[in-house]
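User: I would like to learn how to read a contact between two chains, and after that a helix. Could you take me through the general idea and then the case at hand?

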Amino acid sequence: VRFDTYVVNTILLLFLQRVLLLVASDVDALCACKILQALFQCDHVQYTLVPVSGWQELETAFLEHKDQFKYFVLINCGANVDLLEILQPEEDTFFFVCDSHRPINVVNVYNETQIKLLVKPDDDLDVPAYDDIFRDEEEEEEESEAESDGSEPSDKRRRFEEVCFFCFSLKRNKISYYIREILFDYEQYEYHGTSSAMVMFDLAWMMSKDLNDMLWWAIVGLTDQWVQDKITQMKYVTDIGILQRHVSRHNHRNEDEENSLSIDCMRIAFEYDLRLALYQHWSLYESLCNTSYTSANLKLWSVQGQKRLQEFLADMGLPLKQVKQKFNSMDISLKENLKEMIEESASKFGMKDLRVQTFSIHFGFKNKFLASDIVYATASLMESIEKEGPETTNFIKALDSLSRGNLDKLHQGLDLAKKQLRAIQQTVASCICTNLVISQGPFLYCSLMEGTPDVRLFSKPVSLCLLSKYLLKSFVCSTKNKRCKLLPLIMAAPMDVEQGTVIMVGIPPETESSDKKNFFGRAFEKAAESTNSRTLHNHFDMSIIELKTEDRSKFLDALISLLS
Amino acid sequence: MAGERAVGLVRELQRAAGGHLPPFRAEELRQALEEMRALYERNQADVSEAKAGRTDLIFLIRFRHCCLLRNQRCIVAYLYDRLLRIRALRWEYGSILPNAIQFHMSAEEVEWFNRYKKSLATYMRSVGGEEGLDLTQDIKPPKSLYIEVRCLKDYGEFEIEDGTTVLLKKNSQHFLPRWKCEQLIRQGVLEHILS
């Protein structure tokens, strides 16, 4: 069901009911949730919000609430599986799914009654045609006898009507036989579509209820996709363009001196700023060392790398003492034209993309943040290992930090983010220096041992993914092996020592024009099946899997033979 | 020392800050009343003797009389302050008090509470037209009809008057009409979130 007036009307229908929000644990989902909450509050829609971090929690939450709610909204979860099959809901239950995970499961796409997908019209879903994959049983028998790969058009037309009847019938198990090959091609590669936060903002805009606050959350949602490397550079730039138009519309009053807003009002500005992580809340030096782009390109894990960094700083005329100070305390004369200066010197050192298009938020004199700052802070709060109650407490804290009234939580998040980035860089450096990244043939493999410093941080999926991406970037810069540079990476880390489990993520190869498509989801599934390993595909991203430590080697062997 | 027990009752109430209702000290009250009775009897005896001529007893009689007045004052203050606290409980907890608090009340106090409840209900019914007006709602002027609340502890299912149930699990957030949540906010199960 596409995003048009029909869907908006259906959504407006939803606004009369009580709704259960099931929200995944990633920053984009949190932002989308904030926007939707604001819309619901505006229209007095009663809702209950339940955070879910995986399929098990989703199912539990559904079972607990299915007697009380008929309308469910799923944010960043549920699109890539057969929801009706997994949840087995009653016929009068409706699911609104706003999920950036792709490919969307075909059953969800073609279901016209219970499942409503919130997708932007220009998001190309590439779904196989209905006729190609849904057939009833009689036609299937005919097919296998005839062994042709397409029946005659007139037959197809008749069958289509019969199949229509079957599909729209209330018994799901009458839905027909899938053509395996077509589906395999469709579902083989996982990727991400438009950020859910942006989709929610679009909804708000269509209802003429969009606010600057919601726009900021949409920006943070998109930036989260960029930080986690989930979308291509082109998609990012396109989406930035879309948001830029909204930003101008909401924030043009400052250009007119007479009518400008008070300094305390929140305003968003477009920035072509340095991609150095958290640099305005840290020191320039720390930021240079702990941002993967600079760290990988300058090869800061080696002694020559450190020297190159000194040369880089010297080239810009920035004294070491200044650069190691807190950014706000740096000499103003040095901060003027800093961005242009750094960009110029950076290109001499092989870093042509040190600046990136993004947005910043200002409110009051002291508070200025880049979108990426918020992403890092929120993600760190969400995956904080400091145990303060059940897991959902972290989710709640992270959700709170997105409100401007909770600056203390945001600053807490920034501090945690700095620790996390440092931990990532140190782990990356040690992995590279001790040659822990080994080629297994079709992929690279790196495993963190129990007892490695900060290893507990990496038992969480988002942190582990971030580490893997930084590691792969650095490895590609460090290795001379041309073939290895094009390989994807599988990263493993201990998850729960008591239960003896390991968490494994697979990420696509690091290339300039990567389409960010990831085949590890299916590969993991197949390898688990073929080796009878005890695995748990709990995360909404299929390329993340948990398994028992003992099963790890046979699982890996199966993967190697599968992908060779 | 005369009057100690009565003062002790008052002190205990003073220590119980914030409207908290400590258990009813029937035993101490009985002892204080016993003390008063003993003082009174001795005074009775001494008054007849003083009338008969022993004027040196007058000061002692006066002293005992002061003790009696003091005891009376303390005991009355104790009972009255407890009643004021019980009255406040009706506004805080509603018409059904938690068992823990009821346990702290004497039978007479329970009786008084029921009568107060009735009195209040009659008054509320008489105000505000046909349906009456529930004065215990919205004690602070509300800013919005609906509020966002967060569940601070696992409470289980919460049934609202129109039959719908809400499952209150720790850290779940809900957007509900204000009047449905006020009770639970006061009890500390829900927390009002200001965005």
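User: How much area do chain B and chain A bury between them?

Analyst: The size of an interface is often given as the accessible area lost when the parts come together. This is a predicted model, in which local features need pLDDT of at least 70 and side-chain atom pairs count only at pLDDT 80 or more, whereas totals for chains, interfaces and linings use all residues. Residues are numbered from 1 along each chain as its sequence is written, chains are lettered from A in the order in which they are written, and side-chain values use heavy atoms, without hydrogens and water. Here chain B and chain A bury about 1,700 Å², 48% of it on carbon and sulfur atoms, where buried area is the accessible area (1.4 Å probe) that two parts lose on being put together, summed over both. Of the area that chain B buries against chain A, N171(B), Q173(B) and F175(B) supply 35%, more than any other three residues.

User: How many salt bridges are there between chain B and chain A?

Analyst: A salt bridge is a side-chain nitrogen of Lys or Arg within 4 Å of a carboxyl oxygen of Asp or Glu. The count is 2 between these chains, and D400(A) and R150(B) meet in a salt bridge at 2.8 Å, N to O.

User: Is helix α19(A) mostly covered or exposed?

Analyst: Buried means under 20% relative accessible area, exposed over 50%, and partly exposed in between (1.4 Å probe, protein chains only). In α19(A), 12 of its 12 residues are buried, including D373(A) and Y376(A).

Notes
Helix = DSSP H or I, 4+ residues; strand = E, 2+ residues; numbered from the N terminus.
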